[in-house]
Amino acid sequence: MPDELILNKEHLTSFLRKIAREHRLIAPVKNRYGDTLFEEVSCLDDISLDLESRPAMPPTHFLLPQDETLFRYKREDGQYYFSEVLPEVSTVLFGLRSCDLWAIFLLDMVFEQDFKDPFYLNRRSNTILINNPCLEPMKNCFCKSAGSGPFLTEGYDLQFTDLGDRFLVEIGRPKGKALVEKWDYFFVPATNKDKNKQYEAILEAESRFQQVVDLNTASLRFINNEVDETLWEELATRCQGCGACTYVCPTCHCFNIADRPISETEGERIRTKDSCALPGFTRLAGGHNPRQKRSQRIRRRFYHKLAFAKEKYHRSSCVGCGRCVEVCFGHVDMIRVVETICEKAEKRSSAASLQLGEILVNTGLISSEELKTALEKQATTGKPLGTQFIDDGLLTRDEIGRALWHQMNIPSTAETAD
Ligand code: SF4
Ligand code: SF4
């Protein structure tokens, strides 16, 4: 069987119906209030499948549920007996967006690398991922900037590209192949014309993004301690601490663990989703809370997404889905925070350049005219002002160093030696 096939749209429901008979099928469904959400679909005739809108909540909730039982316990004759509860339902996630698929890859790293989480991993190994790349990015989407979309070249089990009256179906992994082979009578091989049409769709989609978000620069500024710390106090005046940004984020994965009694002698240990935006999240036994202030919690959230993940997994843990942009009424979202971090750092570095320039003029090492020219050049080259002077042959590193030391009334090594 070739790796690229065609499924006519009129056969989609029949194909999904077959899947739903043998697997738990999760797909984007428009409900009676007009909201699109990922839902478990048992009868395709009763639902309105929606592949146009991005579901409000991410599909990662089906891999890491809002609450789940880890094990049950029973007390009998003074002894405790434990029974494990491992999820085993075979699931097909259909209608995923590339950003959400990337979020799943990030969760895989979190739950697989240091400590292997059997609950997540068991669910994950029982899940087949079918991607539907976006042809029309939404207003706040920035997967292209985040490097997670809009199309994927690997990672999916199947990828369905909408070509109008048909889907180009790409087989990515054996689980996807098995699904297609089982009901192969729905599919025909794709032609070069179909592949060219997909290529055009990719180019078209990539040209339609309204948001360009420089996550990379923001990550580096965080890592290099170049973020203006007053930013978090400013943001705290706009954040209501509701936690919505973390609950809609496909890569957020914090949880709490508690014991819940079922009867006098039985109970269960449960895991529930938690949020770093909520004050109780870091409260310790005894009442001490290291992140008491809202500004500290906001900082931690963005630090985790932009710096910690970058250092540990070599990419930020924002996949550019845009959900936090839509949900936060205080505009404390990834797009605005990244823009502010980059803009503030730029202002700080231009203020620093100006300060250095003034010192050099005051000490008579350069003229005001030379400073003006160097600042103009620096705007194009992006070099630090000192480097610009050195590269232009106006000053040496030692001369700049001595001027700065002098300004701060600290004798330089050269002066001390004299
Ligand atoms: S940043 Fe926005 S969504 Fe997140 S907790 Fe604050 S107000 Fe709620
Ligand atoms: S931080 Fe915002 S844009 Fe980024 S993945 Fe989370 S919800 Fe989506």
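This note goes through a predicted model, taking its domains, sheets, helix packing and ligand surroundings in turn.

1. Domains. The domain assignment divides the protein chain into three parts, of which domain 1 covers 4-64 + 87-206, domain 2 covers 215-254 + 277-338, and domain 3 covers 363-417. Between the C-alpha centres of domain 1 and domain 3 there is a separation of 57 Å.

2. The sheet of 8 strands. This sheet is open, its pairing is mixed, and reading across it gives the strand order 3-2-6-7-8-9-1-10. Its edges are formed by strand 3 (36-41) and strand 10 (187-189), each of which pairs on one side only. On average, and with direction ignored, neighbouring strands of this sheet are turned by 30° against each other.

3. One edge of that sheet, and a helix on it. Strand 10 runs antiparallel to strand 1 (residues 4-8), and 3 bridges join the two; within this pairing, Leu5 has Pro189 of strand 10 as its bridge partner. Helix 2 (residues 98-112) packs on the sheet, where it touches strand 6 (91-96) and strand 7 (127-131), and the direction of helix 2 makes about 150° with that of strand 7.

4. The sheet of 4 strands. A second open sheet has the order 5-4-12-11, and here the pairing is antiparallel. Strand 5 (79-84) and strand 11 (255-261) are its edge strands, each pairing on one side only. Neighbouring strands in this sheet are turned by 25° against each other on average, again with direction ignored.

5. Pairings around strand 12. Which strands does strand 12 pair with, and over how many bridges? On one side, strand 12 (residues 266-273) pairs with strand 11 in the antiparallel sense over 7 bridges, and a hairpin of 4 residues connects strand 11 to strand 12. In this pairing Asn256 stands opposite Thr272 of strand 12. Strand 4 (residues 67-76) also pairs with strand 12 in the antiparallel sense, over 7 bridges, and there Thr69 has Ile270 of strand 12 as its bridge partner.

6. Helix 7 against helix 10. Two packed helices are described by the angle between their axes and the distance between the axes. For helix 7 (residues 215-223) and helix 10 (residues 294-313), the packing angle is about 80° and the axes are 9 Å apart, which means that helix 7 is roughly perpendicular to helix 10. Helix 7 contributes Leu215, Ala218, Ser219, Phe222 and Ile223 to the contact, while helix 10 contributes Tyr303, Leu306, Ala307, Lys310 and Glu311. Sorted by class, the contact of helix 7 with helix 10 comprises 7 nonpolar, 1 polar and 2 charged residues.

7. Surroundings of ligand 1. The residues around ligand 1 include the run Cys239, Gln240, Gly241, Cys242, Gly243, Ala244 and Cys245, and they are joined by Ala277, Val327, Cys328, Gly330 and Val332. By class, the shell around ligand 1 consists of 8 nonpolar and 4 polar residues, with no charged residue among them.

8. Surroundings of ligand 2. How many residues surround ligand 2, and which are the closest? Ligand 2 is surrounded by 13 residues, and the closest are Cys249, Cys318, Cys321, Arg323 and Cys324. The shell around ligand 2 divides into 8 nonpolar, 3 polar and 2 charged residues, whereas the shell around ligand 1 has no charged residues.

Key: Residues are numbered from 1 along each chain as its sequence is written. Chains are lettered from A and ligands numbered from 1 in the order in which they are written. This is a predicted model: local features need pLDDT of at least 70, side-chain atom pairs count only at pLDDT 80 or more; totals for chains, interfaces and linings use all residues. Domain bounds come from an automatic or database domain assignment. Axes are lines fitted to C-alpha atoms, for helices over the stretch in contact, and angles run from 0 to 180 degrees between N-to-C directions. Angles under 35 degrees count as roughly parallel, over 145 as roughly antiparallel, 65 to 115 as roughly perpendicular and the rest as oblique. Two residues are in contact if their C-beta atoms, placed from the backbone, lie within 7 Å. Ala, Val, Leu, Ile, Met, Phe, Trp, Tyr, Cys and Pro count as nonpolar, Asp, Glu, Lys and Arg as charged, and the others, Gly among them, as polar. A residue is near a molecule or strand if its C-beta atom, placed from the backbone, lies within 6 Å of it. Two strands pair if DSSP finds at least two bridges between them.
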